[in-house]
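Please open the model in your viewer and keep a selection panel at hand. The stops below move from the surface to the interior spaces and then to charged side chains.

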Amino acid sequence: MSKQNKTIPGDETPGRRERLLTEASRIFALKGFDKASTREIAQAAGANIGLIAYYFGDKLGLYREVMMRPVADVIGRMPEADASVPLREWLESFYGAFLQPLQLDEEALASLLRLCGREMIEPSAVYQDICAEYIAPRHLELVQMLAQRCGVAEVDTELHQLAFGLVALAHDYWMSADHMEALVPGMVRGPGAYERVLGRLVGYGEALIEHERALRQASKTNAAAVKPKTSQKARKT
């Protein structure tokens, strides 16, 4: 049955859906999918439990929406994988998309980080579906762009490794934000932290890509130096 044909529960009010998602994020993060109950989530949101069925279908649909929100948020802000854009400019947009969630209020950020931590340790079927449907295509676009920037005709394992390395820099700030802040107060959330972290990540990203370019160029140079010697030896025999 489509949402349009469902009976709207009597207590539907503006912002109720968002409140359900906020509380679901917090409770799923604390308890995990299996131990969290839709009744508990609805009570925390001050909503009729029927609204969960109305908006999300069931508990699994609610969890999928909770997991999808941060992914869609990052993907929506991410720049197109365009090798014609100057590298530093592109990296600023790329890392800016990843770092923006760190500007959330502390409670929402804590829930987001705990959820991501759970999924990194024990990926759920929902997260695997999201990866296949949304994340994998963007990863492939990134790798293809890196191939162009590194002057490579075909994508190889090393380019995938480079892509994962670029993303890992941002992921570390997602997963380690609380740890960093505890060790160095103001590191992630203090005045000017966003700009400072963004600038560093852009520089690190440039260094990784330049290193890969240098490795590729050195390999080409070595291959060119060896080839004439091989040909000369073949003529003598």
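Begin by selecting Ile 121, which lies in helix H6 (residues 106-121), helices being DSSP runs of H or I of at least four residues, numbered from the N terminus. Ile 121 is exposed, with a relative accessible area of 69%; exposed means over 50%, buried under 20% and partly exposed in between, with a 1.4 Å probe and protein chains only. This is a predicted model, in which local features need pLDDT of at least 70 and side-chain atom pairs count only at pLDDT 80 or more, while totals for chains, interfaces and linings use all residues. Residues are numbered from 1 along each chain as its sequence is written, and side-chain values use heavy atoms, with hydrogens and water left out.

Add Met 120 and Met 175 to the selection, since together with Ile 121 they form a nonpolar patch on the surface with about 330 Å² of accessible area. Such a patch joins nonpolar side chains (Val, Leu, Ile, Met, Phe, Trp, Tyr) within 5 Å, taking residues with over 30% relative accessible area and no salt bridge; the areas come from the Shrake-Rupley method with a 1.4 Å probe.

Next, select Phe 98, Tyr 127, Ile 135, Val 167 and His 171, which lie nearest the centre of the largest pocket among its 29 lining residues. Helix H4 (59-77), helix H5 (87-99), H6, helix H7 (125-149) and helix H8 (157-175) each give two or more residues to this lining, and H7 gives the most, with nine. A pocket is an open set of points on a 1 Å grid over the protein atoms alone, with protein on both sides within 12 Å along at least five of seven lines, and lining residues have an atom within 4 Å of a point.

Which side chains should be shown for the salt bridges? Show Glu 23 and Arg 19, whose side chains meet at 2.9 Å, N to O, a salt bridge being a side-chain nitrogen of Lys or Arg within 4 Å of a carboxyl oxygen of Asp or Glu. Both lie in helix H1 (residues 16-35), four residues apart, about one turn of the helix. Glu 23 counts as buried at 5% relative accessibility, whereas Arg 19 counts as partly exposed at 38%. Adding Arg 26 shows a network of salt bridges that links Arg 19, Glu 23 and Arg 26.

Finally, select Arg 88 and Glu 206, whose side chains meet in a salt bridge at 2.7 Å, N to O. This pair links distant parts of the chain, with Arg 88 in helix H5 and Glu 206 in helix H10, 118 residues apart.

Note on methods. Patches are made of residues with over 30% relative accessible area and no salt bridge: like charges are joined within 9 Å, nonpolar side chains (Val, Leu, Ile, Met, Phe, Trp, Tyr) within 5 Å. On a 1 Å grid over the protein atoms alone, a cavity is a set of points where a 1.4 Å probe fits but cannot get out, and a pocket is an open set with protein on both sides within 12 Å along at least five of seven lines; lining residues have an atom within 4 Å of a point.
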